[in-house]
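I opened this file to look up a few things and wrote them down in the order I checked them.

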Amino acid sequence: MDYAIPCNPCTSIYRKATLNRQTTCPRSIARRSNVTKWRIKTTSELQTPVGVTDRAGSYSPSIPTHKVTVHDRQRGVVHQFLVPEDQYILHTAESQDITLPFACRHGCCTSCAVRVKSGQLRQPEALGISAELKSKGYALLCVGYPSSDLEVETQDEDEVYWLQFGRYFARGPIERDDYALELAMGDE
């Protein structure tokens with residue numbers, strides 16, 4: 001009885017290896033036969049698996065896909081790719097070897113912020129963008145799902161951060177309170 005243990009990249013896809021049958025690893029099969037026609041789709045902790053896609057990026061016909069165009073202002077490039085309606089835009093771009101700005105991947109910062117030029121997306125987990133900024137067309141790619149064909153433009157992270165949090169931190173210069181300082185020094 002031969003037992004095959006899946007390689008490390010595949011253990012996230014195949015959580016349990018059964019002992020009664022041979023478990024094979026799609027990556028090792030592709031490596032052995034020099035077949036690179038298939039690409040394995042992995043998932044992050046917040047997503048559901050898409051499955052196996054071919055090089056052209058074909059997805060399951062039961063899940064609608066949308067064309068996403070990202071104008072990356074910082075790098076001066078335009079990316080176009082297909083994203084299933086149930087997948088994050090950033091995650092799908094990365095699976096297609098497209099580099100976009102990001103930091104936390106949880107919708108809490110403004111690193112992957114974009115401005116929607118046309119189309120619509122859902123972003124229920126976008127904590128880093130206020131309802132006010134969402135209404136003005138700002139979105140986060142790391143937690144954004146396309147609802148239609150979409151065209152967006154990356155934004156300067158500092159600019160979006162200022163729009164989001166500037167009113168809380170920019171109330172003018174801080175005045176020195178010598179009395180409070182004396183009290184604080186007296187406690188030591």
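The entries below cover the core, the strand pairing, one histidine and the salt bridges.

**Entry 1: status.** I am working from a predicted model.

**Entry 2: core.** I looked up the largest nonpolar core first. I found 27 residues in this core. The members with the most contacts inside it are V68, F81, I89, L100, L140 and L141. I then checked which elements supply the core. At least two residues each come from strand 3 (65-72), strand 4 (77-84), helix 3 (89-95), strand 5 (113-118), strand 7 (138-140) and strand 9 (150-154).

I took L141 as a sample and listed its contacts, leaving aside neighbours within four places in sequence. The list for L141 reads Y88, I89, L90, L100, C112, V114 and V152. Of these, I89 and L100 are also named among the core residues with the most contacts.

**Entry 3: strands 3 and 4.** I looked up the pairing of strand 3 with strand 4. The two strands run antiparallel and are joined over 8 bridges. I noted one pair for reference: T65 has P84 in strand 4 as its bridge partner. The hairpin formed by these strands has 4 residues between them. Within this hairpin I found G76 with a positive phi near 70°.

**Entry 4: H79.** I stayed on strand 4, where H79 lies. Is H79 buried or exposed? I read a relative accessibility of 16% for H79, so this histidine counts as buried, the limit being under 20%. Setting aside neighbours within four places in sequence, I get contacts from H79 to V68, T69, V70, D72, I98, T99 and L100. Two of these, V68 and L100, are also listed among the core residues with the most contacts.

**Entry 5: strand 5.** I looked up which strands pair with strand 5. Strand 7 is joined to strand 5 by 3 bridges, and the two run antiparallel. Here A113 has L140 in strand 7 as its bridge partner. Strand 9 also pairs with strand 5 in the antiparallel sense, over 4 bridges. In that pairing I noted R115 opposite E153 of strand 9.

**Entry 6: salt bridges.** How many salt bridges does a search of the whole structure find? I count 3.

I started with R75 and D72, whose side chains meet in a salt bridge at 2.9 Å, N to O. I checked the exposure of both ends. R75 is partly exposed at 47% relative accessibility, whereas D72 is buried with a relative accessible area of 2%. D72 is also one of the contacts I listed for H79.

Next I took E94 and R105, with their closest N and O atoms 2.8 Å apart. What does this pair tie together? E94 lies in helix 3 and R105 in the loop between helix 3 and strand 5, so the salt bridge links parts that are 11 residues apart in sequence. Both ends are partly exposed: I read a relative accessible area of 26% for E94 and 35% for R105.

Last, I looked up E132 and K136, which form a salt bridge with the closest N and O atoms 3.4 Å apart. E132 is partly exposed, with a relative accessible area of 40%, and K136 is partly exposed at 45%.

Conventions. Residues numbered from 1 in each chain as written. Predicted model: local features only at pLDDT ≥ 70, side-chain atom pairs only at ≥ 80, totals over all residues. Heavy atoms only, no water. Core = buried A, V, L, I, M, F, W, Y, C linked by side-chain atoms within 4.5 Å. Buried < 20%, exposed > 50% of the residue type's maximum accessible area, 1.4 Å probe, protein only. Contact = heavy atoms within 4.5 Å. Salt bridge = Lys/Arg side-chain N within 4 Å of Asp/Glu carboxyl O. Pairing = 2+ DSSP bridges.
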